[in-house]
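Got a minute to look at this one together? Let's go through how its helices pack and where the empty space sits.

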Amino acid sequence: MTTDITPTTPSPSVLQRGEGPRHHFLGNLATTKATAHGGSTLSAVEFLAPYGFGPPLHRHREEDELIVVLEGEVAFRSGDDETVATEGATAFLPRRVAHTFQVLSEQARMLSITASTTGEPVFDRMVAALGEPTTSSELPPPPDVDPDHVTAVNAEHGIEVLGPPPAPLV
């Protein structure tokens with residue numbers, strides 16, 4: 001018996017630390033580890049983020065997000081709940097639930113995995129759309145961010161921006 005594998009079937013892959021397409025993304029270094037293209041139901045992007053970084057308060061319409069803290073300390077916020085996570089912690093952020101986070105350590109390295117039950121996740125595509133391709137393995141300098149552009153690109157990718165990033169840390 002033969003199995004018909006269509007061209008859209010994702011191929012297995014192994015990427016080592018630092019491997020994968022990189023983007024300077026809102027002051028982070030984002031490295032795509034698994035793309036949702038080709039019929040996959042998940043994507044994975046590793047972020048190296050500087051102290052104080054936090055995305056705007058937002059919710060994903062159709063994607064669940066799982067963030068694994070690989071290095072550093074990160075405060076996760078959803079509603080009135082705030083939890084500080086350290087190396088090895090996992091934060092599950094279900095679709096349609098507003099959330100944000102903020103890096104508390106000098107920098108943090110996190111793996112964001114998104115999954116969708118309605119089609120291919122597009123989080124990795126949003127990162128590429130807002131980011132600048134790079135070969136660097138370093139954090140970029142702090143960028144000038146246009147909040148209206150960030151909101152528009154997120155909306156195109158099923159993410160609703162609900163408020164500003166967390167207040168800057170002192």
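## Helix packing and hollow spaces

Q: In this predicted model, which residues of α1 meet α2?
A: Start from the α2 side, where His-149, Val-150, Val-153 and Asn-154 make the contact. By class, the contact of α1 with α2 has 5 nonpolar, 2 polar and no charged residues. On the α1 side, the partners are Met-126, Ala-129 and Leu-130.

Q: Are α1 and α2 roughly parallel or roughly antiparallel?
A: Helix α1 covers residues 123–130 and helix α2 covers residues 147–156, with their axes 9 Å apart. They pack at an angle of about 150°. Angles over 145 degrees count as roughly antiparallel, so α1 relative to α2 is roughly antiparallel.

Q: Is the crossing of α1 and α2 left-handed or right-handed?
A: The pair to look at is α1 (residues 123–130) and α2 (residues 147–156). Where α1 passes α2, the crossing is right-handed.

Q: How many charged residues are in the lining of the largest pocket?
A: This pocket has a volume of about 490 Å³, and 25 residues line it. Closest to its centre are Leu-26, Phe-53, Gly-54, Val-145 and Pro-165. The lining divides into 19 nonpolar and 6 polar residues, and the number of charged ones is none.

Q: Which element gives the most to the lining of the largest pocket?
A: Of the 25 residues that line this pocket, 3 come from the top contributor. That element is a helix, residues 147–156, namely α2.

Q: What is the volume of the largest cavity?
A: Searching the whole structure for cavities of 30 Å³ or more turns up 1. There are 20 lining residues, and Phe-25, Pro-55, His-58, Phe-123 and Met-126 are the closest to the centre. The volume of the largest cavity comes out at about 250 Å³.

Q: Which element supplies the largest share of the lining of the largest cavity?
A: At least two lining residues each come from β5 (63–71), β10 (107–116), α1, α2 and β12 (159–161). The largest share is 3 residues, and it comes from α1.

Q: How many charged residues does the lining of the largest cavity have?
A: Take the 20 residues that line the cavity and sort them by class. The nonpolar group has 15 and the polar group has 4. For charged residues, the count is 1.

Terms used:
Residues numbered from 1 in each chain as written. Predicted model: local features only at pLDDT ≥ 70, side-chain atom pairs only at ≥ 80, totals over all residues. Heavy atoms only, no water. Axes fitted to C-alpha atoms, helices over the stretch in contact; angles between N-to-C directions. Helix = DSSP H or I, 4+ residues; strand = E, 2+ residues; numbered from the N terminus. Parallel < 35°, antiparallel > 145°, perpendicular 65-115°, else oblique. Left-handed = near helix turned anticlockwise from the far one by under 90°. Contact = heavy atoms within 4.5 Å. Nonpolar A, V, L, I, M, F, W, Y, C, P; charged D, E, K, R; others polar. 1 Å grid on protein atoms, 1.4 Å probe; cavity = no way out; pocket = protein on both sides within 12 Å on 5 of 7 lines; lining within 4 Å. Points joined across faces, edges and corners; volume = space filled by probe spheres on them.
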